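Colleague: I would like to learn how to read a model like this one feature by feature. Could you take me through the strands, the turns and the burial of side chains in turn?

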Amino acid sequence: QVQLAESGGGLVQAGDSLALSCAASGGTFMNYDMGWFRQAPGQDRIDVASITPGGTTTYYLESVKGRLTISRDNAKNLLFLQMNSLKPEDTAVYYCAARIWGTQDYRYWGQGTQVTVSS
């Protein structure tokens, strides 16, 4: 079972950049698809970006394409989300999540990190 811990959230202004990290422990990192989700107040949690174990395939929510980049360092058991040109609508709690490669559901979640973008 993998444990996940996010870091890097904060308060920034519109147009700024922010980098999130997620440290994984307790499992074989290469066995997992990894994803970044976000949940804004009063809204459902949505999948923002995801990446396959080898890093060769990624998915992005349409509204973040070209601004957010997901990546992973399998040697260090780390997942990253580089966020550029941030907008107020990007304000949310960001979660990293893991699912066993080949399965449907993300079963493992971090505690979340707050990202606030002021206009």
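Colleague: Let me begin with pairing: how many bridges join E1 to E3, and in which sense do they run?

Modeller: A word on the source comes before the answer: this is a predicted model, in which local features need pLDDT of at least 70 and side-chain atom pairs count only at pLDDT 80 or more, whereas totals for chains, interfaces and linings use all residues. Residues are numbered from 1 along each chain as its sequence is written, and side-chain values use heavy atoms, with hydrogens and water left out. Strands here are DSSP runs of E with at least two residues, while helices are runs of H or I with at least four, numbered from the N terminus, and two strands pair if DSSP finds at least two bridges between them. In this case E1 and E3 run antiparallel and are joined by five bridges, and alanine 5 stands opposite alanine 23 in E3.

Colleague: In what order do the four strands of the open sheet come?

Modeller: The order is E1-E3-E8-E7, with antiparallel pairing. Strand E1 (3-7) and strand E7 (68-73) each have a single partner strand and stand at the edges, so one side of each is left without a neighbour in the sheet. From one strand to the next the twist averages 15°, where the axes are lines fitted to C-alpha atoms and angles run from 0 to 180 degrees between N-to-C directions.

Colleague: Which side chains of E7 are buried and which are not?

Modeller: Burial is read from relative accessible area, with buried meaning under 20%, exposed over 50% and partly exposed in between, using a 1.4 Å probe and protein chains only. Along E7 the side chains alternate, so that Leu68, Ile70 and Arg72 are buried and point to one face, whereas Thr69, Ser71 and Asp73 point to the other face and are not buried. E1 also alternates: Leu4 and Glu6 are buried on one face, while Gln3, Ala5 and Ser7 point to the other and are not.

Colleague: How many bridges does E7 make with strand E8 (residues 78-83), and what lies between these two strands?

Modeller: E7 and E8 pair in the antiparallel sense over six bridges, and within that pairing threonine 69 stands opposite glutamine 82, while serine 71 has phenylalanine 80 as its bridge partner. The two strands form a hairpin with four residues between them.

Colleague: What is the phi of asparagine 77 in that turn?

Modeller: Most residues other than glycine have a negative phi. Asparagine 77 has a positive phi of about 55° although it is not a glycine, and at 24% relative accessibility it counts as partly exposed. Serine 85, in the loop between E8 and strand E9 (92-100), likewise has a positive phi, of about 50°, and is partly exposed with a relative accessible area of 42%.

Colleague: Is threonine 113 buried or exposed?

Modeller: Threonine 113, which belongs to strand E11 (residues 113-118), is buried, with a relative accessible area of 10%. Its side chain reaches the backbone nitrogen of glycine 9 at 3.2 Å. Contact means heavy atoms within 4.5 Å, and, leaving aside neighbours within four places in sequence, threonine 113 is in contact with residues including Glu6, Leu20, Val93 and Tyr94.

Colleague: Where is threonine 28 found?

Modeller: Threonine 28 is found in the loop between strand E3 (18-25) and strand E4 (32-39), and it is partly exposed, with a relative accessible area of 47%. Threonine 28 and glutamine 1 are 27 residues apart in sequence and 8.7 Å apart in space, C-alpha to C-alpha.

Colleague: How many helices and strands does the whole protein chain have?

Modeller: The protein chain has zero helices and 11 strands. With 119 residues, a compact globule would have a radius of gyration near 14 Å, and the 13 Å of this chain agrees; the radius is taken over C-alpha atoms, and the globule rule is 2.2 Å times the number of residues to the power 0.38. Along its principal axes the C-alpha trace spans about 40 × 25 × 25 Å, and 40% of the 119 residues count as buried. Among contacts between residues at least 6 apart in sequence, 54% join residues at least 24 apart.

Note on methods. A polar contact is a pair of N or O atoms within 3.5 Å; within protein, one must be able to donate a hydrogen and the other to accept it, and residues adjacent in sequence count only if both atoms are side-chain atoms.
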